[in-house]
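Reader: I am new to this structure and would like to look closely at a single part of it before I try to take in the rest. Please go slowly and connect that part to its surroundings.

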Amino acid sequence: MITRIRNLFKKRFIKDTIVLQFASVFSTGLSFIASVVFARTLGVEGYSAYALIFAFVGIVGIFMNIGTNQSALTLLSEAYAQKDRDKARNILTYYVQVTGTVLLVVGFSIILISPFLTKFFYGDSTIGQLARVIILVDIIKIFFGMYIIVLQVIRQIKILAVIENINKVFYVAVPVTLVLIGWGLKGIVFGHLIVASGFAVFAWISYSRLAKNDPILPSWSEIFSNMFKSRFSYYFRFGFMIAIDKNIVSLYSTLPIFILGLFSINDVAILKIAIAYAGLPLTLIGPVSRLLSVHLPITKSYSLSILKRDFVRSSVGSFLITSGLAVIFALMASILIPLVYGQEYILSVYLSFPLLVGSAITALGVGNGSAFRTLNLMRKSIYVNAVAVLTGAGVVYFFMKHYPITVSVYPVAAWVPVSTLIFYVYLLIYINLRIKEGRTYVNQ
């Protein structure tokens, strides 16, 4: 048993997962500190406005996401494994060209109308004015986003973890400092803008150095000179399918806050803290999901039995770890939440219990997205997710309109877990059927 455990920890996937898990715990800790400072400094009303700003950006942000991050990560992983420099250049050119065009055209259009939209939904144009800054931040992040994708593809996981945590430190330290010196909500959004601008420059310089030492990676000049010379229709179609799916999935987390703001703005802060607290047990499985995005596309050259083995192991392991943590956090909720955030957020304790159960079940789907992309089942994923979002949003809207948050939290808590179980069972059935049909390899 000891020998098996030692051999297990020698595997690169396990070692990379552990590195990213430590980084994820550190990053989550920083986010937790920031949320405490914001909640205590801004108060319930101000913290609710803060939650609505980012919920609003999350909703309108789906129009700026066409799947370039996910498609570039999947396709570049294959190209890099094949040592195909031309393909790597085309993929990175596609990322910069398409992402930049969409962010500039759609992003600035949304910036113009944001105050009018939030005035319509919440009767407050200030939320939209501040949301403009966060949308601008998303536009500036294009270069840092590409640099992170490349680090993940070339498996520089330790460097990736260090850089992401340094990035997180600044994203916490600068806004928190500005809030504490009296800038309020403006301190948060402009703090994000300052940090994003600095890391855009850092990413540009760092990638340039990385490309000089890696024969497969193209330079910035090669990427920009390749624009409009190649057709990226395949990459775009592949990425667009992923984008639709990812955008639908993102609605699971943003719609409850968005909908609640229509009926009870002050309850938004209570629900946000409960959701954030219930999400803490999921900290350790985030890195697993990230690594599976690279690992499963590589395993598609192996047998479906091996793919199934890795998929099930990661899912069950994540579920067991998260379930244990969920129990611990449930026992500590009545102490931690009022102690850390203050007595005015005591209601979040009771909301966190059903949400923690939901988090444990959700962990079972840690590899769902990667598996759907690897098996080329994006259309089915989109159909099921669309039905789940529309149905769930309707149920949540009904409950939030007619019942207090202590009741409407239950459909919120059940929304994602039910969808996760449906996807997980479907994937297992699909893979088993393909194995029985004699499809030894994924690419057959």
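Where in α17 does a kink lie, and of about how many degrees is it?

Author: The model is a predicted one, and that should be kept in mind throughout. The kink in α17 lies at tryptophan 415, shortly before proline 417, and amounts to about 25 degrees. Helix α17 itself covers residues 405–436, which makes 32 residues, and from its first C-alpha to its last it reaches 47 Å, close to the 46 Å expected at 1.5 Å a residue. The kink and the end-to-end reach therefore have to be read together: the helix carries a bend of about 25 degrees at tryptophan 415, and its span is still close to the expected value.

A residue of α16 leads from here into the rest of the chain. Asparagine 385 belongs to helix α16, residues 378–402, and among its contacts outside its own stretch of sequence is Phe423, while α17 runs over residues 405–436. The other contacts of asparagine 385, again leaving aside neighbours within four places in sequence, are Asp245, Ile248, Val249 and Tyr252. Asparagine 385 counts as buried because its relative accessibility is 3%, and buried means under 20%.

Beyond this part, the chain has 17 helices and 0 strands. Of its 444 residues, 53% are buried, and among contacts between residues at least 6 apart in sequence, 83% join residues at least 24 apart. The largest nonpolar core has 133 residues, and Phe38, Tyr207 and Tyr345 are those with the most contacts inside it. Helix α2, residues 12–60, gives the most to this core, with 18 residues. Around tyrosine 345, once neighbours within four places are left aside, the contacts are Ala39, Gly43, Val44, Tyr47, Ala269, Ile270, Ile273 and Ile337.

Helix α4 deserves a look of its own, and the loop before it is a useful way in. Lysine 83 sits in the loop between α3 (68–81) and α4, and its phi is positive, about 55 degrees, although it is not a glycine. Most residues other than glycine have a negative phi. Lysine 83 counts as exposed, at 64% relative accessibility.

Within α4, arginine 85 forms a salt bridge with glutamate 222, at 2.9 Å from N to O. This pair links distant parts of the chain, as arginine 85 is in helix α4 (residues 85–122) and glutamate 222 is in helix α9 (residues 220–225), 137 residues apart. Both partners are partly exposed, arginine 85 with a relative accessible area of 28% and glutamate 222 with one of 25%. A second salt bridge joins arginine 89 to aspartate 86, at 3.2 Å from N to O. These two residues are 3 apart in helix α4, so about one helical turn separates them. Aspartate 86 counts as partly exposed, at 46% relative accessibility.

The count of salt bridges comes to 3, and the remaining pair is arginine 309 with aspartate 310, whose closest N and O atoms are 3.1 Å apart. Arginine 309 is partly exposed, at 38% relative accessibility, whereas aspartate 310 is buried, with a relative accessible area of 15%.

Phenylalanine 121 is also found in helix α4. Leaving aside its neighbours within four places in sequence, phenylalanine 121 is in contact with Phe258 and Leu262, and its C-alpha lies 10.0 Å from that of phenylalanine 56, a residue 65 places away in sequence. Phenylalanine 121 counts as partly exposed, at 33% relative accessibility.

For a second helix to set beside α17, one may take α7, residues 157–183: its 27 residues should span 39 Å, and its end C-alpha atoms are 36 Å apart, which agrees. After α7 comes glycine 184, with a positive phi near 65 degrees.

A last word concerns confidence. The mean pLDDT of the chain is 83, and 87% of its residues reach 70 or more. Confidence is lowest in helix α1 (residues 2–10), at a mean of 49, and highest in helix α14 (residues 347–362), at 94. Over residues 440–444 the pLDDT stays under 50, and the model has 15 contacts beyond four places in sequence for that stretch. Where pLDDT is low, the predicted coordinates should not be read in detail.

Technical notes
Residues numbered from 1 in each chain as written. Predicted model: local features only at pLDDT ≥ 70, side-chain atom pairs only at ≥ 80, totals over all residues. Heavy atoms only, no water. Salt bridge = Lys/Arg side-chain N within 4 Å of Asp/Glu carboxyl O. Helix = DSSP H or I, 4+ residues; strand = E, 2+ residues; numbered from the N terminus. Buried < 20%, exposed > 50% of the residue type's maximum accessible area, 1.4 Å probe, protein only. Core = buried A, V, L, I, M, F, W, Y, C linked by side-chain atoms within 4.5 Å. Contact = heavy atoms within 4.5 Å. Expected span 1.5 Å × (residues − 1). Bend = angle between axes of the 7 residues up to and from the residue. pLDDT = per-residue confidence, 0-100.
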